[in-house]
Amino acid sequence: ARRAALRPAGRAQRRWLSDKKPGAVQEAAEGAPPPTTITFQQGAKAATTGTVWIGIAAVVGVCGFYIARELMPTSMSPNTVFNNAFALLRDHPEVQSRLGENIKGYGGDYNRKKEGRRNFVEHDTYKDIDGKKRIRVKFNMEGSRGKATIYAEVAEDTPTGEFSYIIIEQHHGGRNEAVALLDNRPHYTRGELQEKVVNRLNDNKAALYGLTNCPWTQRQLLELGEFSERLTVVMCDKEENKARCEKANLKGYPSWELQGDIVPSFQRLEDLQNICLHLN
């Protein structure tokens, strides 16, 4: 006898057997293509290929950025500062009297292998006490009479060809002799410098830890004059500050907390100014 129940026309289904899993049964509508089976190895290969292409694209992007920066340098790029400084100094009377004729400039000088004008120039970028970005470079110049090291600095938004300073340094008689060929660095009164240092410390959420009766703590406050009143000062002998001071794990007083680091001991105003140059 035939089975009593038959499936209606148009809904007939057929079974596809999986080659990978014997006995497994999948049902699909009649006329539809069989489902695509992707093995683990195929999936892994596809994922690996995609990752490789993403990595290649990232490398190409980074290389393109540095190539573009080298070929189209900004006014604050090391090569631009080097080129402008060299153009200014090449015909400078003081430089010619020291170095002679056929003067050339280059970046590093390692084991007598000179790096060309388009190669690496030692440099450092930082923010000055007013928070303005600056770049300083170091390179070499050499002529028929000798060689010298040049230090030059420019600030952002400075017109092309203008410098904060240019210093030439030569080695004579066992010592280095440095002469400022140009010096436009700002000069501040002590009060002006105190205010600028305190402002930079506050911008970076600095804190001074000390003790009320500690003479070095009081001297540290005096070092910053009337502007020390604007600082965050934590006196660790006060009950409300003991938990914070214990957490800071101080080694002595006074101590400065700067961007998560503890700088121990008394700091002169000039030392604090230099510290501020390396803050964000």
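Is the crossing of α4 and α7 left-handed or right-handed? In this predicted model, the crossing of those two helices is left-handed. Below is a quick tour of that helix pair, then the aromatic rings, then a few backbone spots worth a look in the viewer.

**Helix pair α4 and α7**

- Helix α4 covers residues 190–203 and helix α7 covers residues 269–276; their axes sit 10 Å apart, at an angle of about 45 degrees.
- Angles from 35 to 65 degrees fall outside both the roughly parallel and the roughly perpendicular ranges, so α4 and α7 count as oblique to each other.
- On the α4 side, the contact is made by Arg190, Leu193, Gln194, Val197, Arg200 and Leu201.
- Facing them from α7 are Leu269, Glu270, Leu272, Gln273 and Cys276.
- Sorted by class, that contact of α4 with α7 has six nonpolar, two polar and three charged residues.

**Aromatic rings**

- Searching the whole structure turns up three aromatic pairs.
- One to pull up is Phe82 with Phe139, an edge-to-face pair with 4.7 Å centre to centre and 90 degrees between the planes.
- Phe82 belongs to helix α2 (residues 78–89) and Phe139 to strand β7 (residues 133–142), so this pair ties together parts that are 57 residues apart in sequence.
- Are these two rings' residues buried or exposed? Phe82 has 0% relative accessibility and counts as buried, and Phe139 is buried too, with a relative accessible area of 1%.
- Phe86 also joins in: ring pairs link Phe82, Phe86 and Phe139 into a cluster.

**Backbone spots**

- Which residues does a cis peptide bond join? Tyr253 and Pro254, with omega at about -5 degrees.
- Pro254 is found in the loop between α6 (242–248) and β13 (255–258).
- Gln259 isn't a glycine, yet has a positive phi of about 50 degrees.
- You'll find Gln259 in the loop between β13 and β14 (261–264), and its 38% relative accessibility makes it partly exposed.
- Ser265 is another non-glycine with a positive phi, this time about 80 degrees.
- Ser265 sits in the loop between β14 and α7, and with a relative accessible area of 40% it is partly exposed.
- Why do Gln259 and Ser265 count as partly exposed? Because partly exposed runs between the buried limit of 20% and the exposed limit of 50%, and Gln259 comes in at 38% while Ser265 comes in at 40%.

How values were computed
Residues numbered from 1 in each chain as written. Predicted model: local features only at pLDDT ≥ 70, side-chain atom pairs only at ≥ 80, totals over all residues. Heavy atoms only, no water. Axes fitted to C-alpha atoms, helices over the stretch in contact; angles between N-to-C directions. Helix = DSSP H or I, 4+ residues; strand = E, 2+ residues; numbered from the N terminus. Parallel < 35°, antiparallel > 145°, perpendicular 65-115°, else oblique. Left-handed = near helix turned anticlockwise from the far one by under 90°. Contact = heavy atoms within 4.5 Å. Nonpolar A, V, L, I, M, F, W, Y, C, P; charged D, E, K, R; others polar. Phe/Tyr/Trp six-rings, centres within 6.5 Å; stacked < 30°, edge-to-face > 60°. Buried < 20%, exposed > 50% of the residue type's maximum accessible area, 1.4 Å probe, protein only.
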